[in-house]
Amino acid sequence: MAASYARLLEGILREGDCAFTVSEDGGRLERRMDETLHATYDKAVSAGTSKSETAADHLRAAFSEAYGIKPDPSAAYSRAIKAVEAVANPLFLPNAPEPTLGKVRAHLDQGRHKYEMVISDRTGAPADIAAAVAMISLLWHGQRDRHEGGPTSAPVTQEAAETAVHTAAILVHWISSGSIRKK
C-alpha cells in the first residue's frame with residue numbers, strides 16, 4: 001500500500017516539475033538530481049554492495065545526507081569517506097591496525113609504480129594511477145571540518161558535500177570493480 005502511495009506521489013512531483021523526488025526505498029523525499037549522476041551513484045552502490053555491504057550502506061547514507069530534505073553536508077562528506085575506506089582499506093592496507101583513507105592515499109602515492117588502471121593511456125598501455133590518487137587526495141584534503149581549531153578548518157559546504165559523494169561513488173566503483181589493479 002505504501003509503495004503505491006510513493007509511486008503516486010512521485011508521479012505528482014514529476015508532473016509538477018518539483019525539485020524533490022521520492023527516494024528509491026519510498027521512505028523519504030530527496031532533491032531531484034540529474035539522471036546521469038544518479039546512474040553513476042547507482043552503479044557505485046551496486047559495485048560497493050558486491051565487495052562490501054558497508055561501502056554501499058555508507059554511500060547510500062552519504063547520498064541521503066547530501067540530497068535529503070534537511071541536508072547535513074558534514075555527515076554526507078564523512079560518510080562518503082567511510083564508503084571509500086570500506087573498499088580501499090581491506091584491499092590496499094589489509095594488515096594495517098588503523099587504516100584510514102589518508103593512509104591509503106599515501107600508500108598509493110608512494111607505490112604508484114606497483115599499480116595501474118584498467119583504462120589505457122594515450123600510448124595504449126595501462127594508465128598510471130595518478131587520477132585515482134588525485135581523487136583520493138581531493139576527497140581526503142577537502143574535508144575541512146575533520147579537525148577543529150586549525151588554520152584551514154571550515155564547515156563543509158553543500159556543494160563540497162555533493163562533490164564528495166560523487167567522487168566517493170566513482171572511487172568505490174573503481175576500487176570495487178578492479179579498475180585499479182596491481183601490475
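Which side chains meet in a salt bridge at 2.8 Å, N to O? They are those of Asp-109 and Arg-112. The model in which this pair appears is a predicted one, and the paragraphs below proceed from the overall fold to individual residues before returning to the charged pairs.

The protein chain contains seven helices and four strands. Read from the N terminus, these elements follow the order α-β-β-α-α-α-α-β-α-α-β. Of the 183 residues in the protein chain, 42% count as buried. Among the contacts with a separation of 6 or more, 57% join residues that lie 24 or more positions apart. The surface exposed by the protein chain amounts to about 10,200 Å², and carbon and sulfur atoms supply 56% of that area.

At the N-terminal end, helix H1 covers residues 2–15 and includes Leu-8. With a relative accessible area of 53%, Leu-8 is above the 50% cut-off and therefore counts as exposed. Leu-8 also belongs to a nonpolar surface patch of about 580 Å², which it makes together with Met-1, Tyr-5, Leu-9 and Ile-12. In general, an α-helix has 3.6 residues a turn, so residues three or four places apart point the same way.

Helix H3, residues 53–67, holds both Asp-57 and Arg-60, which are three residues apart, about one turn of the helix. These two residues form a salt bridge whose closest N and O atoms are 3.2 Å apart. Both partners count as partly exposed, Asp-57 at 36% relative accessibility and Arg-60 at 34%.

Further along the chain, the loop between helix H6 (130–142) and H7 contains Asp-145. This residue is buried yet has no salt bridge. The nearest side chain of opposite charge is that of Arg-146, at 6.9 Å; because a salt bridge requires a nitrogen-to-oxygen distance within 4 Å, the two do not form one. Apart from its neighbours within four places in sequence, Asp-145 is in contact with Ser-74, Ala-154, Pro-155 and Val-156.

Helix H7 follows, with 20 residues numbered 158–177. At 1.5 Å a residue, its expected span is 28 Å, and its end C-alpha atoms are 29 Å apart, which agrees. Just after H7, Gly-178 takes a positive phi of about 80 degrees.

Strand E4, residues 180–182, includes Ile-180. Its relative accessible area is 4%, so Ile-180 is buried. Not counting residues up to four places away in sequence, Ile-180 touches Phe-92, Tyr-115, Glu-116, Met-117, Ile-129, Ala-132, Trp-174 and Ile-175. Ile-180 is also 9.1 Å from Ile-119, C-alpha to C-alpha, although the two are 61 residues apart in sequence.

The charged pairs complete the account. A search of the whole structure finds three salt bridges. In the pair that opened this text, Asp-109 has 32% relative accessibility and counts as partly exposed, as does Arg-112 with 33%. Another salt bridge is formed by Glu-116 and Arg-181, with the closest N and O atoms 2.9 Å apart. Glu-116 lies in strand E3 (residues 115–117) and Arg-181 in strand E4, so this pair ties together parts that are 65 residues apart in sequence. Glu-116 is buried, with a relative accessible area of 15%, whereas Arg-181 is partly exposed at 34%.

Definitions and conventions: Residues numbered from 1 in each chain as written. Predicted model: local features only at pLDDT ≥ 70, side-chain atom pairs only at ≥ 80, totals over all residues. Heavy atoms only, no water. Helix = DSSP H or I, 4+ residues; strand = E, 2+ residues; numbered from the N terminus. Expected span 1.5 Å × (residues − 1). Buried < 20%, exposed > 50% of the residue type's maximum accessible area, 1.4 Å probe, protein only. Contact = heavy atoms within 4.5 Å. Areas by Shrake-Rupley, 256 points an atom, 1.4 Å probe, with all protein chains shown as cover. Lys, Arg positive; Asp, Glu negative; His and termini not counted. Patch = residues over 30% accessible without salt bridge, like charges linked within 9 Å, V, L, I, M, F, W, Y side chains within 5 Å.
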